[in-house]
Amino acid sequence: MNIIVIDLEFTAVPSKFKEFRKTCHNETIEIGAVKLDETKQIVDRFDMYVKPLMATVSPEVQNLTGIVEADLAGAPSFEEAMDRFAAWMGEDEAEIYSWSTADFYQIKREAEAKGYENPALERMYASWHDLQAEYCRKIGFGQKLSLANALRSADIPFVGKEHSAADDAENTASIYLFMINDEAFKMKMQAVLELLAPSEPLTCSLGSFFPAELLKNDGEKAC
């Protein structure tokens, strides 16, 4: 079974498009993903800009992602990009992971708003996992950690550029690989707990051990 780790970047649809916004408030502007095979090795990478139908790249999203309108000029539509992503994903059985549920709902709502259908969508929805929730639950942390802070908590260096969809997908995959390596996970996280609270088991809450600056801007996604 393959593991697909996906990340999206998106921008807000203007308020004048009232009918569309009843279903979806954003349009996707980049899809990034990595594929892990049965040996849990990254074997392929997907990275594609997506041209929105109604939205433009807001200054906030441009500052965050580095994506400008010129990058999207020749990009495929959401429907075309999702067809290509589904083809890249292939027919093999796969589990889908993302950091938070934001990307799951973005694909679901944008597909509905644009009348896009593909048999791969239902397979994706049925096998989707929120790695943010799973990681925070595993470390006994009651708040949502951003991807950057989750990597920091595990002492894993961030690779590439934040809010580049493919780079974020690869870094999310690093958290996944850390989580499934029980020996490495327990050794790393138990060391933190023994240093700060020797009498507590691994399942206790780590929230009080994180400095305030580490918790700033945590949440699902910034765009």
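How many bridges join strand β1 to β4, and do they run parallel or antiparallel? There are 4 of them, and the two strands run parallel. Everything in these close-ups comes from a predicted model.

**View 1. Strand β4 and its partner β1.** Here β1 covers residues 2-12, while β4 takes in residues 94-98. For a landmark in this pairing, look for isoleucine 3, which sits opposite glutamate 95 of β4. Of the 5 residues in β4, 4 are buried, so the rest of the structure largely encloses this strand.

**View 2. Strand β4 and its partner β5.** Strand β5 is a short entry in residue numbers, 128-130. It pairs with β4 through 3 bridges, again in the parallel sense. Serine 98 has aspartate 130 in β5 as its bridge partner.

**View 3. Helix α5, end to end.** This helix runs over residues 102-114, 13 residues in total. At 1.5 Å a residue it should span 18 Å, and its end C-alpha atoms are indeed 18 Å apart, so the two values agree. Its buried residues are Ala102, Asp103, Phe104, Gln106, Ile107, Glu110, Ala111 and Lys114. Just after the helix comes glycine 115, with a positive phi near 65 degrees.

**View 4. Two cysteines, and a disulfide search.** Cysteine 24 is buried, at a relative accessible area of 1%. Cysteine 136 is buried as well, at 5%. How many disulfides does a search of the whole structure find? The count is 0.

Definitions and conventions: Residues are numbered from 1 along each chain as its sequence is written. This is a predicted model: local features need pLDDT of at least 70, side-chain atom pairs count only at pLDDT 80 or more; totals for chains, interfaces and linings use all residues. Side-chain values use heavy atoms; hydrogens and water are left out. The expected span of a helix is 1.5 Å times one less than its number of residues. Buried means under 20% relative accessible area, exposed over 50%, partly exposed in between (1.4 Å probe, protein chains only). A disulfide is a pair of cysteine sulfur atoms within 2.5 Å. Two strands pair if DSSP finds at least two bridges between them.
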